[in-house]
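Student: Could you take one part of this model and go through its surroundings with me in detail? I would like a connected account rather than a list.

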Amino acid sequence: QVQLVESGGGLVQAGGSLRLSCAASGSIFSINAMGWYRQAPGKQRELVADITSGGNTNYADSVKGRFTISRDNRKNTVYLQMNSLKPEDTAVYYCAADIRPLGPGPSDYWGQGTQVTVSS
């Protein structure tokens, strides 16, 4: 069984920073892309950033220059450093990963979500 566990959300003032972490654990053979999505109240879930196993990154236009995604392949962990936060960044942030498990099983996994609230 594979799990993604997120941490690092919270309440911060506009202009502040937060760092999210997401660790994958369980019966993992390999991990391909990992990423972060977010969903604000009344809105659809959207991609924030993702990163391949080789370190290639992709960002939503709304976070370019403010957020940085990184990963530690030895720890099966992906990070999202969020700087210059804005109230419109308020959302539940979800970690996602394309994982090849040991044995049969799905390949797409999601974390439980962590709340990020940015006050003005």
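Tutor: Let us begin with Arg-71, which belongs to strand E7, spanning residues 67–72, and keep in mind throughout that the model is a predicted one. Arg-71 counts as buried because its relative accessible area is 16%, which is under the 20% cut-off for that term. Apart from neighbours within four places in sequence, the residues in contact with Arg-71 include Ile-31, Asn-32, Ala-33 and Met-34, then Ile-51, Thr-52 and Ser-53, and also Thr-77, Val-78 and Tyr-79. Two of these residues offer backbone oxygens to the side chain of Arg-71: the oxygen of Asn-32 lies 2.7 Å from one of its polar atoms, and the oxygen of Ile-51 lies 3.2 Å from a polar atom of that side chain. Ala-23, although 48 residues away from Arg-71 in sequence, is 9.7 Å from it in space, taken C-alpha to C-alpha. Tyr-79, one of the contacts of Arg-71, also has another arginine, Arg-19, over the face of its ring, at 4.1 Å from the ring centre.

A second charged residue may be set beside this one, namely Glu-6, found in strand E1, residues 2–7. Glu-6 is likewise buried but has no salt bridge, the nearest side chain of opposite charge being that of Arg-45, 7.9 Å away. Arg-45 itself lies over the face of Trp-110, 4.8 Å from the ring centre. The side chain of Glu-6 instead reaches backbone nitrogens, that of Gln-112 at 3.2 Å and that of Gly-113 at 2.5 Å. Beyond its sequence neighbours within four places, Glu-6 has further contacts, among them Cys-22, Trp-36, Tyr-94 and Cys-95.

Methods. Residues are numbered from 1 along each chain as its sequence is written. This is a predicted model: local features need pLDDT of at least 70, side-chain atom pairs count only at pLDDT 80 or more; totals for chains, interfaces and linings use all residues. Side-chain values use heavy atoms; hydrogens and water are left out. Helices (H or I, at least four residues) and strands (E, at least two) are DSSP runs, numbered from the N terminus. Buried means under 20% relative accessible area, exposed over 50%, partly exposed in between (1.4 Å probe, protein chains only). Contact means heavy atoms within 4.5 Å. A polar contact is a pair of N or O atoms within 3.5 Å; within protein, one must be able to donate a hydrogen and the other to accept it, and residues adjacent in sequence count only if both atoms are side-chain atoms. A charge sits over a ring if NZ of Lys or CZ of Arg is within 6 Å of the ring centre and within 35 degrees of the ring normal. Lys and Arg count as positive and Asp and Glu as negative; His and the chain ends are not counted. A salt bridge is a side-chain nitrogen of Lys or Arg within 4 Å of a carboxyl oxygen of Asp or Glu.
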